[in-house]
Amino acid sequence: MSDKLVNLMDLSPSELKDFAVSIGEKPFRAQQFLKWIYQYGVDDFDKMTNLRKDLREKLKTIATIEAPKIVSEQKSVDGTIKWAMDIGNGQLVETVFIPEESRNTLCISTQVGCPVKCSFCRTGASGFNRNLSVSEIIGQVYRAATVVGFSENNSQKPISNIVMMGMGEPLLNVTAVIKVVEILLSDYAFALSKRRVTISTSGISPILNKIAGQVDVALALSLHAPNDKLRDVLVPINQKYNIASVLDAVRNYISKSNANCGRVTIEYVLLDHVNDSTDDAQELAALLKDLPCKINLIPFNPHGESDYKRPSNSRIDRFYKVLFDKGFTVITRTTRGDDIAAACGQLAGQVKNKLNNEIIRIRQV
Ligand code: SAH
Ligand code: SF4
């Protein structure tokens, strides 16, 4: 990134207004910047034809518009696309586009690696370097849109849904994530409905409580175990914020949210003979009986850094049936893009581990 220039992609809509005012312009300039950048994909001030020539010249001396660059693209047989994006210093983050009949979802990363280190997750195994900046997160959406298309109207958007389910734990980078959400929802930028933007979290209770009522998007909780004993092992942050505290925070969040229609999504990775027995399913049903939710079962996606296995289809079906018979809304997530290691938990990027400065490129499966 260029020194001393303000990167307009680092600014939330209200910060863009402040920026416009700070250079002697009217606040509505912020709307023009947002439209040019996020609806027309323009990152060159000279092409912003409704700005005065002298303003364009001035902007070139004080500001820039920079998103991480795509350095590789892999396409799956099922249409899923995975991009590696350069965030400098030899590090890469991954972004995945998942086209479906009724929606096109972009899965974005929020951190370089992840400090939570869930025992089954490839991102966790890649170490952790730092939080991504606003421009590095929203810049992933911008770059993806340069490939699949920008859109200003509300129907049939080339990118209709955003899920923060790539590399990293969004709530550990919450200041940037809040600004990213503001850009995604702004009518002058991506204009997405709050129901179509999802924060997926391993459950950082105090932060979830803090943003409840302030940030309103769809929430997914990565639960993965029906009791603390097992969750302490699978999702180590559970030792700090246990299931009871996390479920309390989730209840609080959805009680103050319109985006969730009163229901949270519970994600549950199915690991063969670890958390996938019918007893586990019964215990999960008991745990969630008073929580309005829909349950997404995610059969484990294997990768080279883990000895866990995906359960057989019959074990998956049995687990599903216990929950279904108890009246839960439950779906088994179809694996997308696993031939290019783009499925849930297979993203690794290229992370410099902060502890020893060693570059970790997780080997492909
Ligand atoms: N850190 C956040 C969001 C990124 S992970 C979170 O944990 O929620 C996105 C989802 O992929 C989580 O539900 C995570 O548990 C799941 N996941 C991680 N590794 C996986 C794997 N190997 N197979 C299947 N799902 C996995
Ligand atoms: Fe981090 Fe989520 Fe992976 Fe856990 S599952 S290590 S929280 S990215």
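A residue counts as near a ligand if one of its heavy atoms lies within 4 Å of that ligand. The model described here is predicted.

## Ligand 1

By that criterion, 20 residues surround ligand 1. The closest are Gly168, Ser200, Ser222, His224 and Asn301. For three residues, the polar approach to the ligand can be stated atom by atom, as in the table.

| Residue | Protein atom | Atom of ligand 1 | Distance |
|---|---|---|---|
| Gly168 | polar backbone atom | nitrogen | 2.9 Å |
| Ser200 | polar side-chain atom | oxygen | 2.7 Å |
| Ser222 | polar side-chain atom | oxygen | 2.6 Å |

On its own, ligand 1 has 530 Å² of accessible area, and the protein covers 96% of that area. Two elements give two or more residues each to the shell: strand 10, residues 197–201, and strand 12, residues 264–270. By residue class, the shell around ligand 1 holds eight nonpolar, 10 polar and two charged residues.

His224, listed among the closest residues to ligand 1, also has a backbone feature to note. Its phi is positive, about 70°, although His224 is not a glycine. The residue is found in the loop that runs between strand 11 (218–222) and helix 8 (228–234). Is His224 buried or exposed? The cut-off for buried is a relative accessible area under 20%; His224 counts as buried because its relative accessibility is 4%.

## Ligand 2

The shell of ligand 2 consists of Cys114, Val116, Lys117, Cys118, Cys121, Gly124, Gly168, Glu169 and Ser202. Gly168 is thus part of this shell and is also listed among the closest residues to ligand 1. Sorted by class, the residues around ligand 2 are four nonpolar, three polar and two charged.

## Helix 5

Helix 5 covers residues 134–148, which makes 15 residues. From its first C-alpha to its last it reaches 21 Å, close to the 21 Å expected at 1.5 Å a residue. The helix nevertheless has a kink of about 25°, and the kink is centred on Gln140. After the helix comes Gly149, with a positive phi near 120°.

How many residues of helix 5 are buried? The count is 12 of its 15, and the helix is mostly covered. The buried residues are Val134, Ser135, Glu136, Ile137, Ile138, Gly139, Gln140, Val141, Tyr142, Arg143, Ala144 and Ala145. Gln140, on which the kink is centred, is therefore one of the residues under the 20% cut-off for buried.

Glu136 belongs to helix 5. Its relative accessibility is 9%, so Glu136 counts as buried. A polar atom of the Glu136 side chain lies 2.8 Å from the backbone nitrogen of Ser133.

## The loop between strand 4 and strand 5

Strand 4 (81–86) and strand 5 (92–99) are joined by a loop in which Asn89 is found. Asn89 is another residue other than glycine with a positive phi, here near 60°. The cut-off for exposed is over 50%; Asn89 counts as exposed because its relative accessibility is 55%.

Gln91 lies in the loop between strand 4 and strand 5 as well. With a relative accessible area of 1%, Gln91 is buried, whereas Asn89 is exposed. Which side chain does the side chain of Gln91 contact? The partner is Asn129, whose side chain makes a polar contact with that of Gln91 at 3.3 Å.

## Two partly exposed residues and their distances

Arg130 lies in strand 8, residues 128–131. Its relative accessible area is 26%, so Arg130 is classed as partly exposed. Between Arg130 and Glu267 there are 25 Å in space, C-alpha to C-alpha, and the two are 137 residues apart in sequence.

Asp10 is found in the loop between strand 1 (6–7) and helix 1 (13–22). At 27% relative accessibility, Asp10 also counts as partly exposed. The C-alpha atom of Asp10 is separated by 41 Å from that of Lys229, and these two residues are 219 residues apart along the chain.

Definitions and conventions
Residues numbered from 1 in each chain as written. Chains lettered and ligands numbered in written order. Predicted model: local features only at pLDDT ≥ 70, side-chain atom pairs only at ≥ 80, totals over all residues. Heavy atoms only, no water. Polar contact = N/O pair within 3.5 Å; in protein donor to acceptor, adjacent residues only side chain to side chain. Areas by Shrake-Rupley, 256 points an atom, 1.4 Å probe, with all protein chains shown as cover. Helix = DSSP H or I, 4+ residues; strand = E, 2+ residues; numbered from the N terminus. Nonpolar A, V, L, I, M, F, W, Y, C, P; charged D, E, K, R; others polar. Expected span 1.5 Å × (residues − 1). Bend = angle between axes of the 7 residues up to and from the residue. Buried < 20%, exposed > 50% of the residue type's maximum accessible area, 1.4 Å probe, protein only.
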